[in-house]
Every structure is written in structure tokens, then in C-alpha cells.
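Visitor: I should like to be guided through a protein chain, one question at a time. Please show it to me before we begin.

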Amino acid sequence: MQRVKCAFFPDRRDLYFFGADLARGGPIGTLKDYDARSPKVAYLFEDGKVRHHNRVIGTRDQIEVLPTAEVCSKD
């Protein structure tokens with residue numbers, strides 16, 4: 001899991017990329033909202049387009065991987 005900043009979600013530093021790598025794609029969302037069924041999660045596809053509800057909202061080029069940060073959960 002990589003923390004990301006997306007140009008199409010300015011000022012959002014709480015987003016995470018949940019895929020294996022950016023070339024293959026995967027979900028983008030917050031830790032709180034991440035769920036395969038969540039309507040809040042965007043998805044990066046292999047073609048480089050980011051879609052949310054089948055609408056293109058950005059591209060792979062608009063994603064910046066931020067330095068790794070430790071993720072803590074209160075269980």
C-alpha cells in the first residue's frame with residue numbers, strides 16, 4: 001500500500017493506492033473508506049485512467065507517490 005497525492009484530489013494527503021503497482025492499477029481511497037464495495041473508492045485501470053462510477057476523473061500521470069508512512073490502527 002502506498003500513500004498517494006492525486007492532482008484530481010488536491011489537498012488530499014490521506015489517500016492510499018491499494019494495488020500491487022501503479023502500472024497494473026488498483027483502488028485509490030482512504031483507509032477508513034476502503035472496501036471493494038465502497039462507492040467512495042476510485043480505481044486506476046491498466047490503461048492509465050482513473051475512474052469513479054465509470055467516469056474518468058484523472059490519469060496515472062496525476063498521481064504522486066508520497067514517502068512511506070507508518071499506518072496505525074486502533075484495535
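Guide: Two strands pair if DSSP finds at least two bridges between them. Helices (H or I, at least four residues) and strands (E, at least two) are DSSP runs, numbered from the N terminus. This is a predicted model, in which local features need pLDDT of at least 70 and side-chain atom pairs count only at pLDDT 80 or more, while totals for chains, interfaces and linings use all residues. Residues are numbered from 1 along each chain as its sequence is written, and side-chain values use heavy atoms, with hydrogens and water left out.

Visitor: How many helices and strands does the chain have?

Guide: From the N terminus on, the elements run β-β-β-β-β-β-β. The chain therefore has 0 helices and 7 strands by the rule that such elements are DSSP runs.

Visitor: Which residue in β6 stands opposite Lys 49?

Guide: Strand β6 covers residues 55-59, and 4 bridges join β5 to this strand in an antiparallel arrangement. The two form a hairpin with 2 residues between them, and His 53 in the turn has a positive phi of about 55°. Opposite Lys 49 in this pairing stands Thr 59.

Visitor: Which residue in β5 stands opposite Leu 44?

Guide: Strand β4 (residues 42-44) and strand β5 (residues 49-52) pair in the antiparallel sense over 2 bridges. Their hairpin has 4 residues between the strands, and Gly 48 in the turn has a positive phi of about 90°. The residue opposite Leu 44 is Val 50.

Visitor: Which elements give two or more residues to the largest nonpolar core?

Guide: A nonpolar core is a set of buried Ala, Val, Leu, Ile, Met, Phe, Trp, Tyr and Cys residues joined through side-chain atoms within 4.5 Å. The largest one holds 10 residues in all, among them Ile 28, Leu 44 and Val 50. The elements that give two or more residues to this core are β1 (2-6), β2 (15-17) and β4.

Visitor: Why does Gly 58 count as buried?

Guide: Gly 58 lies in strand β6. Buried means under 20% relative accessible area, exposed over 50%, partly exposed in between (1.4 Å probe, protein chains only). Gly 58 counts as buried because its relative accessibility is 6%.

Visitor: Which residues does Gly 58 touch, not counting residues up to four places away in sequence?

Guide: Contact means heavy atoms within 4.5 Å. With residues up to four places away in sequence left out, Gly 58 touches Phe 8, Gly 48, Lys 49 and Val 50.
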